[in-house]
Amino acid sequence: MERKEIVLTEDQREVQLHYIELCKSYVDELKKKLGRDVTCCVNTFGCQMNSRDSEKLLGILCQMGYIPVETEDADFVIYNTCTVRENANLRVYGRLGQLSGIKKKNPHMMIALCGCMMQEKHVVEKIRKSYKFVDIVFGTFNIYKLAELMYHRINSDGQVIDIWDELKGVVEELPTVRKFSFKSGVNIMYGCNNFCSYCIVPYVRGREKSRMPEEIICEIKGLVKDGVKEVMLLGQNVNSYGTGLPIDITFAQLLQRIEEIEGLERIRFMTPHPKDLSDELIDVMSKSEKICNHIHLPLQSGSSRILKIMNRKYTKEHYLELVDRIRAKMPDVSLTTDIIVGFPGETDEDFEDTLDVVRKAKYDSAYTFIYSKRTGTPAAAMENQVPDDVTKVRFNKLLATIDEVSHSICARYEGTRAKVLVECVNDHDSSLVTGRMTNNLLVHFPGDASMIGSVVDVELTECKGFYYLGKDIDA
Ligand code: SAH
Ligand code: SF4
Ligand code: F3S
């Protein structure tokens, strides 16, 4: 394909749309050559930030003419990677081996790697040296450049690698393809400034930066016009939203403005940091009609001593007092959490404190993680790493305690009615649909695909641990 010169304008969005058009010509030629449609697959690892980024990547590929598929024998495969724990990393290397086999049979296949793992120098070195069949490597700050990078790859012989070490500006409003028609993630801020001592995220996602409220509201209005009923506001620490903006605005005030958007039915957010969850936020939530009845409040550890070394900036007592303040205003709120087991230096006594908080905070559910050493973080250099066998025993004990507590908590709605936003036809039984209550618990009940995206009144007939069986009241 002939290489055309690109004149860079100030407006990156226009530039990228231009590259998309150039890649579209390549895709058209490829389709003719192969005599069939060409397909793409974006595979996402990690958190909702990555899921949202993947929707942007898929939007660009679809605009070029690729048809999205779920399987990795596609003509363009992207892995949007996560590096928060080591096993996320290992999974990517394992699957790359399989991709190389597919590419041998389908030589024009393009393979791209992006996301958090690619922000680590040693990873990129490894890909450069040992995974030469990977065509394009980019990071978390330049995903909007996919078409440009692909254009360079088409016109060069080797791997194209483009990693930035900071956010230089965000290009929103490029085409996106949403996974769900009725709900969407919305970035309200990027990056993280907290540097919890175990965590790699601030190193791979850069410094915290909030988006202007008008931009966020404009995006949500557009989504609502397009059929979205529920938004999930995304940030690593949503409570510090607004810091660094030229105007004064808190997260609670942003929520109030979003609440006013007509047609929007549900607002969720992820993740608030316990160190600065304000009374203003609790107050706004308790009065809101649209903000969901759920707070994900990562604990990480119940030991004040460990929390200090983790650099979490709250104590066990402060956390429990916060839970009390939340429950005083929202008695019915569902609380979920993240907990790390086996942080360096964690003793049996520290771990007992974690179990104590689990019993007192009465979580609906908890995501539990075995501490994973991340190169470059302060905790990785700590000498008193906990032996694997000790961590394993604690981990199992934690799971058992959560089970014990959460089952009765989740069951508290049995026999009541709830509004359920239907998400999909049930995976195992096609006579059922699956939806979510505002407290994020899943409900399965008789229904069909026509109900997807609608809010249905459901009677919660039976609690099965972490989900409910129900029945449509109007059916
Ligand atoms: N910003 C969010 C967390 C994002 S990472 C917050 O502060 O809560 C998601 C979760 O991964 C964290 O809450 C933590 O429980 C877990 N995690 C992060 N780094 C980890 C590590 N090195 N080992 C094990 N779990 C980790
Ligand atoms: Fe990681 Fe802490 Fe930032 Fe969350 S707040 S992303 S755990 S550094
Ligand atoms: Fe993973 Fe990056 Fe999210 S490291 S958890 S995908 S911010």
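## Phe195 and its backbone

In this predicted model, Phe195 is partly exposed, because its relative accessible area is 30%, a value that falls between the 20% limit for buried residues and the 50% limit for exposed ones. Phe195 belongs to the loop between strand 8 (189-190) and helix 6 (201-205). Its backbone deserves attention: phi is positive, at about 45°, although Phe195 is not a glycine.

Phe195 also takes part in the surroundings of ligand 2, as it is listed among the residues around that molecule.

## Asn440, a second positive phi

Asn440 likewise has a positive phi without being a glycine, here of about 80°. The residue is found in the loop that lies between strand 16 (432-436) and strand 17 (442-446). With a relative accessibility of 26%, Asn440 counts as partly exposed.

## A cis peptide bond

The peptide bond that runs from Met270 to Thr271 is cis, and its omega is near 10°. Thr271 is located in the loop between strand 11 (266-270) and helix 9 (279-287).

## The surroundings of ligand 1

Ligand 1 has 15 residues around it, of which Gln236, Pro298, Gln300, Asp338 and Ser372 come nearest. Sorted by class, this shell holds seven nonpolar, four polar and four charged residues.

Several polar contacts can be described atom by atom. A backbone N or O atom of Ser372 is 2.8 Å from a nitrogen atom of ligand 1. A polar backbone atom of Tyr198 lies 3.0 Å from a nitrogen atom of the ligand. Arg312 instead uses its side chain: one of its polar atoms is 3.3 Å from an oxygen atom of ligand 1. Taken alone, ligand 1 exposes 540 Å², and the protein buries 90% of that area. Strand 13 (334-341) and strand 14 (365-370) are the elements that give two or more residues to the shell.

## The surroundings of ligand 2

Which residues lie around ligand 2? They are Cys192, Asn194, Phe195, Cys196, Tyr198, Cys199, Val201, Pro202, Gln236, His273 and Arg312. By class, the shell divides into seven nonpolar residues, three polar residues and one charged residue.

Some of these names have already appeared. Gln236 is among the residues that come nearest to ligand 1, and Gln236 is also found around ligand 2. Tyr198 and Arg312 each place a polar atom close to an atom of ligand 1, at 3.0 Å and 3.3 Å respectively, and both residues belong to the list for ligand 2 as well.

Notes:
Residues are numbered from 1 along each chain as its sequence is written. Chains are lettered from A and ligands numbered from 1 in the order in which they are written. This is a predicted model: local features need pLDDT of at least 70, side-chain atom pairs count only at pLDDT 80 or more; totals for chains, interfaces and linings use all residues. Side-chain values use heavy atoms; hydrogens and water are left out. A residue is near a molecule or strand if one of its heavy atoms lies within 4 Å of it. A polar contact is a pair of N or O atoms within 3.5 Å; within protein, one must be able to donate a hydrogen and the other to accept it, and residues adjacent in sequence count only if both atoms are side-chain atoms. Accessible areas come from the Shrake-Rupley method with a 1.4 Å probe; for residues, only the protein chains shown count as cover. Helices (H or I, at least four residues) and strands (E, at least two) are DSSP runs, numbered from the N terminus. Ala, Val, Leu, Ile, Met, Phe, Trp, Tyr, Cys and Pro count as nonpolar, Asp, Glu, Lys and Arg as charged, and the others, Gly among them, as polar. Buried means under 20% relative accessible area, exposed over 50%, partly exposed in between (1.4 Å probe, protein chains only).
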